[in-house]
Amino acid sequence: MIAKRIRIYGRVQGVGFRWSTCREARRLGVKGWVRNRDDGSVEIHAQGNAESIAALEAWATQGPPAARVDRMEATAMAIELFDNFMEYPNG
């Protein structure tokens, strides 16, 4: 199992990015959360097997149809225990 923090920049807020990320992550069996950031980006904390995380990263470079992704940054993170994938409570 691996964990990554993924930041997505571009037109990614107000276009269903968080909801779509939850749906895609659950489909892939990825655990964690997603939230909007004050700088206009979207932050994803994802953990699962390497294949599933790679698939989520690949999806996130496109996002939902209304999104425009300019760039993505991914960094390794410590693994936490999550039951599912959700929108971050304050995001």
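# A first look at the structure

At 7% relative accessibility, P64 counts as buried, because the cut-off for buried is under 20%. That residue belongs to a predicted model of a protein with two helices and five strands. Welcome to a short tour, starting with the overall build and then visiting the core, one helix and a handful of residues.

## Overall build

- Along the sequence, the helices and strands come in the order β-α-β-β-α-β-β.
- The radius of gyration is 12 Å, close to the 12 Å that the globule rule gives for 91 residues, so the protein is as compact as a globular protein of that length.
- Along its principal axes, the C-alpha trace spans about 30 × 25 × 20 Å.
- Among the 91 residues, 43% count as buried.
- About 5,100 Å² of the protein is exposed, and carbon and sulfur atoms supply 47% of that area.
- Take the contacts with a separation of 6 or more: residues 24 or more positions apart account for 78% of them.

## The nonpolar core

- The largest nonpolar core holds 20 residues.
- Which residues have the most contacts inside this core? They are I8, F17, V30, V42, I44, L56 and F85.
- At least two residues of this core come from each of strand 1, helix 1, strand 3 and helix 2.
- F17 is a good one to click on: leaving out residues up to four places away in sequence, F17 touches I8, V12, V42, W59, A60, G63, P64, A67 and V69.

## Helix 2

- Helix 2 runs over residues 50-60, and its buried residues are S52, I53, L56, E57, W59 and A60.
- These buried residues cover an arc of only 160° around the axis, which puts them on the same side of helix 2.
- What do the buried residues of helix 2 pack against? Their partners are strand 1 (2-11), helix 1 (17-28), strand 3 (42-48) and strand 4 (68-76).
- N49 caps the N-terminal end of helix 2, with a side-chain oxygen 3.2 Å from the backbone nitrogen of E51.

## Buried residues to visit

- P64, the residue that opened this briefing, sits in the loop between helix 2 and strand 4.
- Beyond residues up to four places away in sequence, P64 touches V15, G16, F17, S20 and W59.
- P64 and N84 are 20 residues apart in sequence, and their C-alpha atoms are 21 Å apart in space.
- E24 belongs to helix 1 and, at 11% relative accessibility, counts as buried.
- The side chain of E24 makes a polar contact with the side chain of R27, at 2.7 Å.
- E24 also touches two residues of helix 2, L56 and W59, which are among the buried residues of that helix.
- H45 is part of strand 3. Is H45 buried or exposed? With 2% relative accessibility, H45 counts as buried.
- Setting aside neighbours within four places in sequence, H45 is in contact with A3, K4, K31, G32, W33, M77, A78, E80, F82 and F85. One of these partners, F85, is listed among the core residues with the most contacts.

## Residues with more exposure

- R11 lies in strand 1 and, at 46% relative accessibility, counts as partly exposed.
- Apart from neighbours within four places in sequence, R11 is in contact with A66, A67 and R68.
- A polar atom of the R11 side chain lies 2.8 Å from the backbone oxygen of A66.
- How far apart in space are R11 and R68, C-alpha to C-alpha? The distance is 4.8 Å, although the two are 57 residues apart in sequence.
- L81 is placed in the loop between strand 4 and strand 5 (85-87).
- L81 counts as exposed, with a relative accessibility of 84%.
- The C-alpha atoms of L81 and D39 are separated by 27 Å, and the two residues are 42 residues apart along the chain.

Notes. Residues numbered from 1 in each chain as written. Predicted model: local features only at pLDDT ≥ 70, side-chain atom pairs only at ≥ 80, totals over all residues. Heavy atoms only, no water. Buried < 20%, exposed > 50% of the residue type's maximum accessible area, 1.4 Å probe, protein only. Helix = DSSP H or I, 4+ residues; strand = E, 2+ residues; numbered from the N terminus. Arc of directions from axis to C-beta. Contact = heavy atoms within 4.5 Å. Polar contact = N/O pair within 3.5 Å; in protein donor to acceptor, adjacent residues only side chain to side chain. Rg over C-alpha atoms; globule rule 2.2 N^0.38 Å. Areas by Shrake-Rupley, 256 points an atom, 1.4 Å probe, with all protein chains shown as cover. Core = buried A, V, L, I, M, F, W, Y, C linked by side-chain atoms within 4.5 Å.
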